[in-house]
Amino acid sequence: MVPRREVLDVFLYNLGYPEYDMVDGSQEAYARHVCFGGNSIQVLPKETFSLTTMEGMIYIDYYRCPVCGKVIIDKNFM
């Protein structure tokens, strides 16, 4: 089995965003986010990253803020 930390490192490297938050659940199509770089609430669409491993595909649902660059990831992605 691929280590969870390794999957997370590959995901963050490919996105190019080192700052992230882990949250409980990401079932909604959009997330609200207030960042220090903006002066309003950002509505972020859910995106999906896929990673091919020897055991099959791993899909990571996440939200990314275009203002501050923060990535929000579901803690239970694996």
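T48 stands opposite D61 of strand 5, a handy place to start looking at this predicted model. Strands here, like helices, are DSSP runs numbered from the N terminus (E, at least two residues, for strands; H or I, at least four, for helices). Residue numbers start from 1 along each chain as its sequence is written, and side-chain values rest on heavy atoms, with hydrogens and water left out. Because the model is predicted, local features need pLDDT of at least 70 and side-chain atom pairs count only at pLDDT 80 or more, while totals for chains, interfaces and linings use all residues.

On confidence, the protein averages a pLDDT (the predictor's confidence in each residue, from 0 to 100) of 86, and 97% of the residues score at least 70. Strand 1 (residues 20-23) has the lowest confidence, with a mean of 88, and strand 3 has the highest, at 92.

Back to the strands. Strand 4 and strand 5 run antiparallel and are joined by seven bridges; two strands are taken to pair if DSSP finds at least two bridges between them. Two residues separate them in a hairpin. E55 is found in the loop between these two strands, where it is exposed, with a relative accessible area of 54%. The cut-offs are under 20% relative accessible area for buried and over 50% for exposed, with partly exposed in between (1.4 Å probe, protein chains only). E55 also reaches back to the start of the chain: it touches M1 and V2, leaving out residues up to four places away in sequence, where contact means heavy atoms within 4.5 Å. The C-alpha atoms of E55 and M1 are 7.1 Å apart, although 54 residues apart in sequence.

On its other side, strand 5 is joined to strand 6 by three bridges, again in an antiparallel arrangement. Y62 has I73 as its bridge partner in strand 6. This hairpin has six residues between its strands, and G69 in the turn has a positive phi of about 85°. D61, which sits in strand 5, counts as partly exposed at 29% relative accessibility. Its contacts, leaving aside neighbours within four places in sequence, are S26, K46, E47, T48, I72, I73 and D74. K46 is 15 residues from D61 in sequence, with 6.6 Å between their C-alpha atoms. Past strand 6 comes a segment that holds N76, which is exposed with a relative accessible area of 57%. N76 and C65 are 11 residues apart in sequence but 20 Å apart in space, C-alpha to C-alpha.

Helix 1 has 12 residues and spans 17 Å from its first C-alpha to its last, close to the 16 Å expected at 1.5 Å a residue, where the expected span is 1.5 Å times one less than the number of residues. Its buried residues include V7, L8, F11, L12 and L15. Seen down the helix axis, the buried residues of helix 1 fall within an arc of 125°, so they line one face; the arc is that of the directions from the axis to the C-beta atoms. An α-helix has 3.6 residues a turn, so residues three or four places apart point the same way. The buried residues of helix 1 pack against strand 1, strand 4, strand 5 and strand 6. G16 follows the helix, with a positive phi near 80°.

The largest nonpolar core has 14 residues, and V7, F11, F49, I60, Y62 and I73 have the most contacts inside it. Such a core is a set of buried Ala, Val, Leu, Ile, Met, Phe, Trp, Tyr and Cys residues joined through side-chain atoms within 4.5 Å. Helix 1 (4-15), strand 4 (47-53), strand 5 (56-64) and strand 6 (71-74) each supply at least two of its residues, with the largest share, five residues, coming from helix 1. Outside its own stretch of four places in sequence, V7 touches V2, L51, I58, I60, F77 and M78. A second, separate core has six residues, among them A31, C35, Y63 and C65.

Strand 2 (residues 30-34) pairs with strand 3 in the antiparallel sense over five bridges, and H33 stands opposite Q42. Strand 3 has a covered face, Q42 and L44, and an uncovered one, I41, V43 and P45. Q42, in strand 3 (residues 41-45), counts as buried at 16% relative accessibility. Not counting residues up to four places away in sequence, Q42 touches A31, R32, H33, C65 and V67.
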